[in-house]
Amino acid sequence: QIDVDAELAARLTVVLGRLNRRMVAGGQGLSHGVLSALSSIVRFGPLRLGDLAQRERIGAPATSRIVAKLESDKLVLREGDPDDGRAVMIAATPAGAELVNRARTARTEVIAQLLQSLDASQLESLRGALPALEELIDGR
């Protein structure tokens, strides 16, 4: 017999994976990881590389590769840290901020279309689950 929590985790993994694949088209040509990092820079930036790595829960080498990709696409720029002349801050360009807004809108539209197939009680169940899911992801 499978543990209830293990079954819940397995089902949630499948659902989230399938939702993520549906939303990839809304990523404006960026992978999920690159778009996530850019979104963090837009929302919380400018950020130091280490702070971005911590926020995204990825290692320094991966963070450097992502920032290099974003910089080559002219979506972020490096600027000096006003508090520490040796440190570098990563800031979104206007094009980077606009791309995040377009991606967020496109992904929201994908989910909104999927939600239209649910009835009122299913929608209410999802609404009720959101606070727990938000707490899980935000680490409160």
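**View 1. Five leucines make a nonpolar patch on the surface of this predicted model.** Leu12, Leu16, Leu130, Leu133 and Leu136 together form a nonpolar surface patch of about 450 Å². If you want to find your way around the patch, look for helix 1 (4-23) and helix 6 (120-138), the elements that each give two or more residues to it.

**View 2. Helix 6 is the main contributor to the nonpolar patch.** With three residues, helix 6 gives the most to this patch. Leu133 is a handy landmark here, as it lies in helix 6 and belongs to the patch.

**View 3. Helix 2 crosses helix 4.** Here we move to residues 32-44, which form helix 2, and residues 60-72, which form helix 4. Their axes come within 10 Å and cross at roughly 80 degrees. Angles of 65 to 115 degrees count as roughly perpendicular, so helix 2 is roughly perpendicular to helix 4.

**View 4. Side by side, the residues where helix 2 meets helix 4.** From helix 2 come Gly33, Val34, Ala37, Leu38 and Ile41, and from helix 4 come Ile66, Lys69 and Leu70. The residues of this contact divide into six nonpolar, one polar and one charged.

**View 5. Stepping back, the protein has six helices and three strands.** To place the close-ups, follow the chain from the N terminus: the elements run α-α-β-α-α-β-β-α-α. For scale, the C-alpha trace spans about 55 × 30 × 20 Å along its principal axes.

Technical notes. Residues are numbered from 1 along each chain as its sequence is written. This is a predicted model: local features need pLDDT of at least 70, side-chain atom pairs count only at pLDDT 80 or more; totals for chains, interfaces and linings use all residues. Side-chain values use heavy atoms; hydrogens and water are left out. Axes are lines fitted to C-alpha atoms, for helices over the stretch in contact, and angles run from 0 to 180 degrees between N-to-C directions. Helices (H or I, at least four residues) and strands (E, at least two) are DSSP runs, numbered from the N terminus. Angles under 35 degrees count as roughly parallel, over 145 as roughly antiparallel, 65 to 115 as roughly perpendicular and the rest as oblique. Contact means heavy atoms within 4.5 Å. Ala, Val, Leu, Ile, Met, Phe, Trp, Tyr, Cys and Pro count as nonpolar, Asp, Glu, Lys and Arg as charged, and the others, Gly among them, as polar. Patches are made of residues with over 30% relative accessible area and no salt bridge: like charges are joined within 9 Å, nonpolar side chains (Val, Leu, Ile, Met, Phe, Trp, Tyr) within 5 Å. Accessible areas come from the Shrake-Rupley method with a 1.4 Å probe; for residues, only the protein chains shown count as cover. A salt bridge is a side-chain nitrogen of Lys or Arg within 4 Å of a carboxyl oxygen of Asp or Glu.
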